[in-house]
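Here are my notes on this one, written as numbered points. Have the model open next to you and follow along as you read.

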Amino acid sequence: METINLTYFIVFSIFLGVEIISNVPAILHTPLMSGANAISGVILVGAIFMMIQVDPTDYVNLILGGIAVFLGTLNISGGFFVTAKMLRMFNSKSNKK
Amino acid sequence: MENLIELGYLISIISFLAGLKFMSSPKRAKLGNIIAAAGMVLVVCLTIGISISANIPRINLLVLSVAIFFGGVAGKRIESKVEMTKMPQLVSLFNATGGACALLIGIIEASQNPQSLFLQFCLFAGIITSGVAVTGSLLAYSKLSGKKLIIENKNTTLLTKTILLALLFIPALILTNIYAGALGPVVHIVAVLSLVYGILFVAPIGGADMPVIISFLNSITGIATAFAGLVYSSYIMIVGGIIVGAAGILLTVLMCKAMNRSFLTVLSGKIKKGSKKAYEKEQIIQEISSSEVALELSYSSKIAIVPGYGLAVAQAQHICSHLQKLLEGRDTEVHFIIHPVAGRMPGHMNVLLAEANVDYSYLKEMEEVNEEMDSYDLSLIIGANDVVNPAAENDEESPVYGMPIIRTHHSRKVVVMKRGMSTGYAGVQNDLFEMDNCFLLFGDAKDSLTQLVDQLKLISK
């Protein structure tokens with residue numbers, strides 16, 4: 001990656017992140033925090049890339065890598081499931097109306 | 001093939017952005033979550049696909065699949081067991097797992113001894129941020145779960161500063177090539193130091209400020225993810241990380257504003273000190289019995305309910321919803337007025353009331369109704385304190401001065417349900433209690449509300 005492209009890319013991402021979040025009403029802040037947390041679970045991609053490189057005879061790193069993958073997946077699956085659970089509460093009411 | 005994978009990642013990035021965007025409306029939020037989750041599943045599948053085509057050793061693939069399987073199942077199990085009131089600590093716990101994942105990646109990558117200066121920098125930055133996020137989130141989790149973990153913070157300020165300096169200094173030694181040995185041991189030291197720093201960082205902060213800190217730590221995990229993304233040149237990790245980082249910082253600022261505190265005072269664990277006399281003044285209050293309140297409720301035609309943290313502690317959201325339905329049945333207009341920081345996180349109170357099946361249309365935000373508070377016959381304040389203190393608007397000497405409040409004192413009558421005369425978390429007396437139109441009903445919020453409901457049923461229409 002060229003440094004200049006990368007810099008543009010990072011700056012735009014920051015603006016995009018702020019812009020998207022700033023329109024969320026306070027009532028949805030908790031689900032949003034939970035959802036954002038789940039998205040940060042994309043770190044799992046890094047854990048998988050790392051697993052490709054780890055020497056299969058290096059058991060310490062293999063186990064540590066496995067733990068990393070486990071934790072990353074837990075972050076994603078728990079994060080999205082819990083967010084969905086919270087949002088279901090909101091939806092049940094509007095259906096009832 | 002490679003273009004196809006890049007396209008898949010692009011779709012995922014768009015789905016993250018769209019998912020978050022959709023979360024800005026309660027109706028589309030659920031869809032937004034599904035879109036983001038689908039994007040995430042796509043990312044993971046693509047990445048596993050890449051690893052298989054990259055001839056990953058069989059044992060690595062085995063460990064990988066087992067870990068993903070158990071991670072997914074564990075997440076689902078936790079979700080099915082958790083209660084709504086425990087949401088804030090759960091977010092904190094998940095944040096710790098994400099941070100731990102980033103930390104392990106950093107340590108293992110560093111053990112491969114990368115030579116590039118840029119990679120080394122990203123690795124160190126990733127390890128420090130994720131290390132702080134892990135222990136910080138875990139401590140926040142235990143604080144919110146009510147576990148007492150007291151660390152004497154008077155003597156630790158020097159230690160905190162020393163560790164912070166070391167965290168900046170050690171990587172600098174490596175990056176400037178002054179120390180040219182193996183990276184591994186140094187990385188371990190930095191990792192341990194950042195873990196310790198995470199504890200020292202969160203330790204002095206009070207339980208009531210935890211949401212701010214969770215939000216902040218959330219954004220730190222995002223930044224750690226972005227650094228890991230730079231290590232692997234993965235656009236999806238960089239974008240995902242930065243969005244979460246930006247969102248976390250923004251939420252932190254919003255929460256601090258709602259509490260009228262600067263982020264720095266939150267970090268130092270200090271509470272703004274007001275004039276001394278505010279603490280010592282004895283208050284003359286008027287008590288009221290639950291049967292009298294029930295009578296008041298039956299006479300009122302427009303009622304404001306202001307729920308606070310006390311309602312969540314007493315788990316009284318269901319009985320509160322029951323009371324509201326009972327009053328609705330008597331043609332009384334009932335509104336729930338929610339302060340931006342009610343509960344333990346912004347929006348947490350809305351989730352709790354939603355869980356208790358309170359219809360969305362009855363929830364009002366503070367700004368919506370504050371100008372017309374005098375149209376309410378009765379304000380029922382359940383377990384809230386500082387957010388209704390008129391001193392925030394009238395008394396410039398008060399520590400809470402300037403904080404946005406719900407002007408319940410403008411309504412015809414105010415009933416405050418509270419356990420005792422203790423102060424709110426700002427530690428100041430509430431001028432509202434002394435007002436002529438304010439009455440106090442002491443007791444556990446759930447018990448009091450149950451009595452109210454029972455007595456209201458006896459009063460005929």
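1. Let's start in a loop: B:Asn55 sits between H2 and H3 of chain B. (Helices are DSSP runs of H or I with at least four residues, strands are runs of E with at least two, and both are numbered from the N terminus.) Its backbone is a bit unusual to look at, since B:Asn55 has a positive phi of about 55 degrees although it is not a glycine. Is B:Asn55 buried or exposed? B:Asn55 counts as exposed because it has 9 C-beta neighbours inside 10 Å. The cut-offs are these: a residue is buried if 20 or more other C-beta atoms lie within 10 Å of its own, exposed if 12 or fewer, and partly exposed in between, with C-beta atoms placed from the backbone.

2. A word on what you're looking at. This is a predicted model, where local features need pLDDT of at least 70 and side-chain atom pairs count only at pLDDT 80 or more, while totals for chains, interfaces and linings use all residues. Residues are numbered from 1 along each chain as its sequence is written, and chains are lettered from A, with ligands numbered from 1, in the order in which they are written.

3. There's another asparagine to check. B:Asn357 has a positive phi near 65 degrees and is not glycine either; find B:Asn357 in the loop between H15 and S3 of chain B. With 16 C-beta neighbours inside 10 Å, B:Asn357 counts as partly exposed.

4. Now the two chains. Chain A has 4 helices and 0 strands, so to speak an α-α-α-α run from the N terminus on. Of its 97 residues, 58% count as buried. Chain B has 18 helices and 6 strands, and buried residues make up 51% of its 461 residues.

5. How do the chains meet? In total, 89 residues of chain B are in contact with 75 residues of chain A. (Two residues are in contact if their C-beta atoms, placed from the backbone, lie within 7 Å.) Several elements of chain B each supply at least two residues of the side that touches chain A, among them helix H1 (2-22), helix H4 (87-110), helix H9 (235-258) and strand S3 (363-365). That side of chain B divides into 54 nonpolar, 26 polar and 9 charged residues. Here Ala, Val, Leu, Ile, Met, Phe, Trp, Tyr, Cys and Pro count as nonpolar, Asp, Glu, Lys and Arg as charged, and the others, Gly among them, as polar.

6. For a close-up, try B:Ile243, which lies in helix H9 of chain B. B:Ile243 counts as buried because it has 28 C-beta neighbours inside 10 Å. Which residues does B:Ile243 touch, not counting residues up to four places away in sequence? They are A:Ser13, A:Leu16, A:Gly17, A:Ile39, B:Phe16 and B:Leu20. Also, B:Ile243 and B:Leu17 are 226 residues apart in sequence and 8.4 Å apart in space, C-alpha to C-alpha.

7. Next, the domains. Chain B is divided into domain 1 (2-268) and domain 2 (277-458), with bounds that come from an automatic or database domain assignment. Their centres, taken over C-alpha atoms, are separated by 38 Å.

8. Have a look at strand S4 (residues 378-382) of chain B, where 5 of its 5 residues are buried. Both faces are covered, with B:Leu378, B:Leu380 and B:Ile382 on one side and B:Ser379 and B:Ile381 on the other. S4(B) pairs in the parallel sense over 5 bridges with strand S1 (residues 302-307) of chain B, and also in the parallel sense over 5 bridges with strand S5 (residues 413-418) of chain B. (Two strands pair if DSSP finds at least two bridges between them.) B:Val306 stands opposite B:Ile381, and B:Met417 in S5(B) is the bridge partner of B:Ile382.

9. Finally, the largest nonpolar core has 181 residues, and those with the most contacts inside it include A:Leu44, B:Cys101 and B:Ile381. (Such a core is a set of buried Ala, Val, Leu, Ile, Met, Phe, Trp, Tyr and Cys residues joined through C-beta atoms within 7 Å.) Its largest share, 15 residues, comes from H4(B).
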